Amino acid sequence: MLHDFQSDPQFADIKPFAGTVWLSSPTMHGGELRYMKQAFETNWMSTVGENIDETEKKLAAYTGVSHAVALSSGTAALHLAVRLAAEQLYGIPGRGGTAFGGRMVFCSDLTFAATVNPVAYEGGEAVLIDSEYDTWNMDPQALERAFAIYPQVRLAVVAHLYGMPANMDRIREICKRHGALLVEDAAESLGAVCQGKAAGSIGDYGIVSFNGNKIITGSGGGAFLTDSPECARRVRKWSTQSRENAPWYQHTETGYNYRMSNVIAGVVRGQMDYLEEHIKAKREIYQRYKQGFKDLPVRMNPAESAESLSNCWMSCLVVDEDAMCETIRSEREYLYIREKGKTCPDEILDALRCFHAEGRPVWKPMHMQDLYKNNRFVTRDGERTAKGGSGAGDPSVGADLFRRGLCLPSDIKMTKEQQEQIIKIVRRCLE
């Protein structure tokens with residue numbers, strides 16, 4: 001039963017928010033409506049039109065790539081990037097669903113399932129690679145170990161978690177040395193910078209997302225990024241059901257209904273003008289949290305390194321091990337024992353929920369998911385069996401971050417006063 005934090009004397013001076021303080025909701029500015037209305041008034045409501053063309057131009061210019069292809073989602077972009085890589089590597093005819101023929105692909109383990117699922121769409125086997133604490137992303141040492149175990153692998157799919165780029169310098173060098181292509185899942189990191197380059201522009205292929213909770217949104221949508229005109233052409237063709245240039249509907253390979261609509265593109269087109277403003281606001285939120293928690297036994301997710309700067313899309317924290325109260329999770333439920341001076345992510349999330357603020361656990365790693373628990377899993381110490389479950393006793397970095405970490409309200413419409421109250425709620429959980 002959820003503890004009534006509102007009636008708890010320890011929280012007596014904290015009042016519930018009048019409305020919900022969201023984790024990361026869309027922030028509209030008005031210009032988006034102008035472009036949507038333009039699509040409506042000109043009757044370009046389908047998957048062609050000026051909004052799509054301009055969105056692709058803006059996105060390519062911003063990220064520094066030669067070509068951006070606007071698609072229905074970031075997942076669709078990942079799917080086509082993975083299929084394109086398989087075609088380039090193995091020359092498999094485009095029949096769909098069998099491009100990898102059971103071959104292995106290295107994938108980030110601590111991520112949303114959309115990073116890994118496209119490998120399964122194309123008949124591949126995801127080999128999951130553990131994270132590092134420095135970035136929370138794919139551990140280059142674990143990737144190097146994976147190539148030593150499976151030298152035949154020719155593709156890696158790397159996610160930039162919560163806006164912080166992976167250690168792309170090392171990862172790209174390792175992939176190049178082993179003759180492997182690199183797909184960059186920058187769904188959460190549009191506007192982040194790595195080695196002076198935009199996230200999404202560093203791998204052989206990159207993708208971004210415009211889902212409703214992302215740093216800019218179209219309500220949905222995503223894009224494929226590349227410097228290759230031929231790769232852009234292939235993705236555009238596949239995304240429109242692979243229709244051939246003929247007077248009738250002629251098809252020689254499997255295609256998909258993955259193109260972005262001109263209406264959604266209107267929203268993205270308008271949002272692009274505010275990307276830098278959103279990034280600035282997200283970074284300010286992160287810094288206020290960091291300052292507010294500086295004397296607590298917690299630490300924030302990484303936001304910069306010697307070569308990278310996050311867009312701070314999501315502010316997260318991890319409770320120090322010696323400040324964790326006794327806690328356990330099953331596949332769908334959790335239990336903790338409240339203890340003076342200690343807390344856990346689920347207690348903090350319960351407290352936030354009681355005061356009408358939205359938080360979320362850190363992504364549950366793929367090797368702990370029922371869907372992928374039988375897949376191979378590699379840490380910097382070697383290969384181990386993925387067993388699924390709650391993470392109790394699991395020594396991997398990803399499992400540890402899941403067990404001790406949570407995502408804080410990071411909505412840019414959150415006021416400073418609301419954020420101060422959220423900081424106070426977290427502090428009270430540790431008193």
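Before I come to the helices, let me say that axes here are lines fitted to C-alpha atoms, for helices over the stretch in contact, and that angles run from 0 to 180 degrees between N-to-C directions. What we are looking at is a predicted model, and I will go through it element by element.

With that definition in hand, consider α2 and α8, whose axes come within 8 Å and cross at roughly 40°. Since angles under 35 degrees count as roughly parallel and 65 to 115 as roughly perpendicular, α2 is therefore oblique to α8. The crossing of this pair, α2 and α8, is left-handed. On the α2 side the contact is made by E50, N51, I52, E54, T55, K58, L59 and Y62, and on the α8 side by N262, A265, G266, V268, R269 and M272. Taken by character, the residues in this contact of α2 with α8 divide into six nonpolar, four polar and four charged.

Staying with α8, which spans residues 262-272, how many of its 11 residues are buried? The count is 10, and the helix is accordingly described as mostly covered. The buried set in α8 consists of N262, V263, A265, G266, V267, V268, R269, G270, Q271 and M272, and the buried residues of this helix pack against α1 (31-42), α2 (50-63) and α9 (275-292).

Let me turn to a second helix pair, α10, residues 345-354, and α12, residues 416-429, which pack at an angle of about 135° with their axes 10 Å apart. That angle makes α10 oblique to α12, and the crossing of α10 and α12 is right-handed. From α10 the contact involves E347, I348, A351 and L352, while α12 contributes I422, I425, V426 and C429. In the contact of α10 with α12, the residues divide into seven nonpolar, no polar and one charged.

Within α10 I would also point to D346. Is D346 buried or exposed? With a relative accessible area of 6%, D346 is buried, because under 20% counts as buried. Leaving aside residues up to four places away in sequence, D346 touches T327, R329, Y334 and Y336.

Helix α10 also brings us to a sheet, so let me describe that next. It is an open sheet of four strands in the order β10-β12-β18-β15, with antiparallel pairing, and its edge strands are β10 (298-300) and β15 (360-361), each of which pairs on one side only. Strand β10 is joined by three bridges to β12, residues 316-319, the two running antiparallel, and R299 stands opposite V318 in β12. Packing on this sheet, α10 touches β12, β15 and β18 (405-407), and the direction of α10 makes about 25° with that of β18. Helix α11, residues 397-404, lies across β10, β12, β15 and β18, and runs at about 65° to β18.

Finally, I would like to look at strand β5, residues 181-185, where five of the five residues are buried, so that β5 is largely enclosed by the rest of the structure. Which residues of β5 lie on each of its two faces? On one side are L181, V183 and D185, on the other L182 and E184, and as these are all buried, both faces of β5 are covered. Five bridges join β5 to strand β4, residues 155-159, and the two strands run parallel; as one example of this pairing, V158 has E184 in β5 as its bridge partner.

Technical notes. Residues numbered from 1 in each chain as written. Predicted model: local features only at pLDDT ≥ 70, side-chain atom pairs only at ≥ 80, totals over all residues. Heavy atoms only, no water. Parallel < 35°, antiparallel > 145°, perpendicular 65-115°, else oblique. Left-handed = near helix turned anticlockwise from the far one by under 90°. Contact = heavy atoms within 4.5 Å. Nonpolar A, V, L, I, M, F, W, Y, C, P; charged D, E, K, R; others polar. Buried < 20%, exposed > 50% of the residue type's maximum accessible area, 1.4 Å probe, protein only. Pairing = 2+ DSSP bridges.
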